[in-house]
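Biologist: Before we discuss this protein, I should like to see its sequence and its model together. I shall then ask for the grounds of each description.

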Amino acid sequence: MILVTGGAGYIGSHTVLALREAGHEVVVLDNLSRGHRDLVFSDHFEEGDLQNFPFLDSVFTKYSIRAVVHFAASSLVGESMKDPESYYYNNICGTLNLLRAMRKNRVMRLVFSSTAAVYGEPAVIPIMEDYPLEPTNVYGETKVAIENMLSRYHTAYGLNSISFRYFNAAGADPDGRAGEDHTPETHLIPLVLDVALGKRKNITIFGNDYPTEDGTCIRDYIHVSDLARAHVLGLERLLDGMKGKFAFNLGNGRGYSVLDILQRSRDVTGRDIPSVMGQRREGDPPILVASSGKAESFLGWRRQYPDIIDIIRTAWDWHLHRFG
Ligand code: UFG
């Protein structure tokens, strides 16, 4: 049995689908604070919080767990700056509790959900894994703290782990079973699709005075189902006995500006998507593009949906079905 924390969330639910397709049995643990009960794709569901150690411990006693895939966390950059305490508590204390429960129950394999935010504002593009970790927001700091914990847990207790540093997760399950559903929504593509649906009047572009070709920020959008498959590959390496603490970037290696995304979303949806120019959002680096060569060569990871049109189209199909 594989324990997936945060398995009712966006990337978690897609990973549960991918794990089950690869033949793994899964138990989902989620407190449903941001996740959705109808996105739990397993008959084994435990509703509860990582802060509750006796509950966590009981989950390890109830199921024979071989490894953990850990998504459960707060993940909004802006919110993390306004309320750092809740991010330190939820992300760092929650993960520490999970690691304690794993040690107690002798489960020594973990796949961890990290982020490109660990790199801060990198001067060199594409970003490699050995680039210095200099986060510029609290959310990124919590993920660096946890990655450091994983290194120490490896050295001191023999915990084996893989941290995946995602760039911009986007898109939805091509079979329409899952997709993005955040409240509040802060991400560019679902907000743009809300405008296409007529649920919002327009999209505000956060600044056009960046040092990029069209002046808007560039990001590396990666299909959520491709992220999910990387987790399956990583998990299987750990189950095969791979030892150590590893970190891999997951992106497409190609950047799109905010204006590119808007234009392509107009093409995919065939709808008018009005935009207005706004101020820069604090803490937005001008360009984030990944080098994912390490995950490709080390894990044999291959992207199935690298095309930005497929990413937006799957997101649109989901959006129409869920919110239309
Ligand atoms: N943007 C707009 N208008 C909006 C929303 C976003 O112009 O209404 C722009 C942002 O400025 C940015 C791009 O669209 O340039 C993408 O923004 P998102 O909020 O969708 O994603 P981010 O790049 O800010 O955040 C992502 C992940 C975070 C992670 C971060 C790492 O969602 O979890 O990358 O920097 F921390």
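**Helix 10 and its surroundings**

Modeller: At the start of helix 10, the backbone nitrogen of Ile309 has a side-chain oxygen of Asp307 within 2.9 Å. Please bear in mind that this is a predicted model.

Biologist: What makes the approach of Asp307 to Ile309 a polar contact?

Modeller: A polar contact requires a pair of N or O atoms within 3.5 Å. The side-chain oxygen of Asp307 comes to within 2.9 Å of the backbone nitrogen of Ile309, so the pair satisfies that distance limit.

Biologist: How do you know what span to expect of helix 10?

Modeller: The expected span is 1.5 Å times one less than the number of residues. Helix 10 has 16 residues, for which 22 Å is expected, and its first and last C-alpha atoms lie 22 Å apart.

Biologist: Which residues of helix 10 are buried, and what covers them?

Modeller: The buried residues of helix 10 are Ile308, Ile311, Ile312, Thr314, Ala315, Trp316, Trp318 and His319. Their cover includes strand 7, helix 6, strand 10, strand 12 and helix 8.

Biologist: Strand 7 is part of that cover. What does Ala169 touch?

Modeller: Ala169 is located in strand 7, residues 168-170. Apart from residues up to four places away in sequence, Ala169 touches Tyr10, Ile11, Ile222 and Leu227. Ala169 and Tyr10 are 159 residues apart along the chain, and their C-alpha atoms are separated by 9.0 Å.

**Cavity and pocket**

Biologist: How many cavities of 30 Å³ or more does a search of the whole structure find?

Modeller: The search finds one. The largest cavity has a volume of about 50 Å³, and its lining consists of Tyr10, Gly171, Ala172, Glu180, Pro190, Leu193, Ala315, Trp318 and His319. Helix 6 and helix 10 are the elements that give two or more residues to this lining. Helix 10 gives the most, with three residues.

Biologist: Why is this space called a cavity, whereas another is called a pocket?

Modeller: A cavity is a space where a 1.4 Å probe fits but cannot get out, whereas a pocket is an open set, so the two terms are kept apart. The second largest pocket has a volume of about 200 Å³. Its lining comprises 15 residues, with Glu21, Asp173, Arg177, Ser225 and Arg229 nearest its centre. Helix 1 and helix 7 are the elements that give two or more residues to that lining.

Biologist: How do the two linings divide by class?

Modeller: The lining of the largest cavity has six nonpolar, two polar and one charged residues. For the second largest pocket, the division is seven nonpolar, three polar and five charged.

**Burial in helix 7 and strand 5**

Biologist: Why is helix 7 described as largely enclosed?

Modeller: Of the 16 residues of helix 7, 12 are buried, so the rest of the structure largely encloses this helix. Among them are Val224, Ser225, Asp226 and Leu227. Just after helix 7, Gly241 has a positive phi of about 110 degrees.

Biologist: What makes Ser114 buried?

Modeller: The relative accessible area of Ser114 is 1%. Buried means under 20%, so Ser114 meets the definition. Ser114 is placed in strand 5, residues 109-115. Beyond its neighbours within four places in sequence, Ser114 is in contact with Lys143, Glu147, Ser163, Phe164, Arg165 and Tyr166.

Terms used. Residues numbered from 1 in each chain as written. Predicted model: local features only at pLDDT ≥ 70, side-chain atom pairs only at ≥ 80, totals over all residues. Heavy atoms only, no water. Buried < 20%, exposed > 50% of the residue type's maximum accessible area, 1.4 Å probe, protein only. Helix = DSSP H or I, 4+ residues; strand = E, 2+ residues; numbered from the N terminus. 1 Å grid on protein atoms, 1.4 Å probe; cavity = no way out; pocket = protein on both sides within 12 Å on 5 of 7 lines; lining within 4 Å. Points joined across faces, edges and corners; volume = space filled by probe spheres on them. Nonpolar A, V, L, I, M, F, W, Y, C, P; charged D, E, K, R; others polar. Contact = heavy atoms within 4.5 Å. Polar contact = N/O pair within 3.5 Å; in protein donor to acceptor, adjacent residues only side chain to side chain.
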